[in-house]
Amino acid sequence: MPQTVKGVIARSKGADVELVDIVIPDPGPGEAVVKIEACGVCHTDLHYREGGINDEFPFLLGHEAAGVVESVGEGVTDVAPGNFVILNWRAVCGQCRACAKGKPWYCFATHNASQKMTLEDGTELTPALGIGAFAEKTLVAAGQCTKVDADAEAAAVGLLGCGVMAGFGAAVNTGNVGRGDSIAVIGCGGVGNAAIAGAKVAGATTIIAVDVDDRKLEQAKAFGATHTVNSKSEDAVERIRELTGGNGADVVVEAVGRPETYEQAFYARDLAGTVVLVGVPTPDMEITLPLLEVFGRGGALKSSWYGDCLPSRDFPMLVDLYRQGRFDLDAFVTERIGLGDVEAAFDKMHGGDVLRSVVVL
């Protein structure tokens, strides 16, 4: 039987979010209903609320979540009721051209639940990133559920569902940072700090944090930054070069998504170094670089989609690192809040006061 639960929706562009009753259908073939235990408040949810993703209102917000599978539909074999899972928005299809090439982390045909969750009057909801986890329960494609160790703290490991995985993967998967490498990370919010933490785990020896906020730079040290640069008061490119023997960093992760910081990243890398764009730009942004410089500096200019992660591979591994004390996911959780506090969390996000507010149910 369909269930009625509480959930947080954005009804129209720019309006405050609302806590309402939503209807969750029984899972159909290939689907699962998940009882949510925790869900992080991500910038992407704010983009949805502000109409920055699309205009398919009303949205059921929330996507960075962990919980317990309550029921599954026909044909589901990878997860079962009672499994503790992290939700992901890249449920790989196994059949597209990327999957066929053995690169499922680039899957071009990821899938979501076929059925729609609704308001009580039957209005269909659009779940954020196909998940919609600011709710007591949600309906997803079973492939969006990644089973992990049930002893892990939901508020911490749920963050792997988006921001932390994006940052860690940008450094380790996309940037391929390794032992003895140097890396600079421009933008030290949740994603940037995850890149810093990932670089530390991978064995980078010079980890440079760049931001305009001294509070964030101080936080970055706790995640593993060996040096900090306030780009408001000093030239970030020159300082990164000074800290890397005059050469530039082996990998530069741009976690802001702006043309001016991308240009800094481009010039702050070593010859044959790698630039990784993980910050999300807006559609109007453009950048101009001298083509001779692009050619002459060699290396690679990459973008990182979801940290180029494969959830079935990466989530359990990162949970293991967390439980071993080698990857401090707890440090990303600034506060625990209730479902009714999401709008206030968005305000704190604007002020740069939190790494992550996490809704705990």
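Reader: Before we get to side chains, what volume does the second largest pocket have?
Author: In this predicted model, the second largest pocket has a volume of about 370 Å³.

Reader: And which residues lie nearest its centre?
Author: Asp78, Val79, Ala142, Gly143 and Cys145 lie nearest the centre of the second largest pocket, out of a lining that is made up of 20 residues.

Reader: Which helix and which strand each supply at least two residues of that lining?
Author: For the second largest pocket, strand 10 (145-147) and helix 10 (311-323) each supply at least two of the lining residues.

Reader: How many of the lining residues are nonpolar, polar or charged?
Author: Sorted by class, the lining of the second largest pocket holds nine nonpolar residues and eight polar ones, together with three that are charged.

Reader: OK, switching to salt bridges: what does the count come to?
Author: The count comes to 19 salt bridges, taking a side-chain nitrogen of Lys or Arg within 4 Å of a carboxyl oxygen of Asp or Glu as the rule.

Reader: What does arginine 215 pair with?
Author: Its partner is aspartate 353, and the salt bridge between the two side chains has an N to O distance of 3.4 Å. This pair links distant parts of the chain, since arginine 215 sits in helix 6 (residues 214-223) while aspartate 353 belongs to the loop between helix 11 (342-350) and strand 18 (357-360), 138 residues apart.

Reader: Are those two buried or exposed?
Author: Aspartate 353 is partly exposed, with a relative accessible area of 48%, and arginine 215 also counts as partly exposed, at 47% relative accessibility.

Reader: Which salt bridge has both its residues in helix 6?
Author: Lysine 221 and glutamate 218 both lie in helix 6, three residues apart, which is about one turn of the helix. Their side chains meet in a salt bridge at 3.5 Å, N to O. Lysine 221 is partly exposed at 42% relative accessible area, and glutamate 218 is partly exposed at 49%.

Reader: And what about arginine 241, where does that one lie?
Author: Arginine 241 lies in helix 7 (residues 236-242), as does glutamate 238, and the two are three residues apart, about one turn of the helix. They form a salt bridge whose closest N and O atoms are 3.5 Å apart. Arginine 241 is partly exposed with a relative accessible area of 24%, and for glutamate 238, likewise partly exposed, the value is 39%.

Reader: Last one: which residues are linked in a network of salt bridges?
Author: Arg49, Glu50 and Glu343 are joined in such a network.

Terms used:
Residues numbered from 1 in each chain as written. Predicted model: local features only at pLDDT ≥ 70, side-chain atom pairs only at ≥ 80, totals over all residues. Heavy atoms only, no water. Helix = DSSP H or I, 4+ residues; strand = E, 2+ residues; numbered from the N terminus. Buried < 20%, exposed > 50% of the residue type's maximum accessible area, 1.4 Å probe, protein only. 1 Å grid on protein atoms, 1.4 Å probe; cavity = no way out; pocket = protein on both sides within 12 Å on 5 of 7 lines; lining within 4 Å. Points joined across faces, edges and corners; volume = space filled by probe spheres on them. Nonpolar A, V, L, I, M, F, W, Y, C, P; charged D, E, K, R; others polar.
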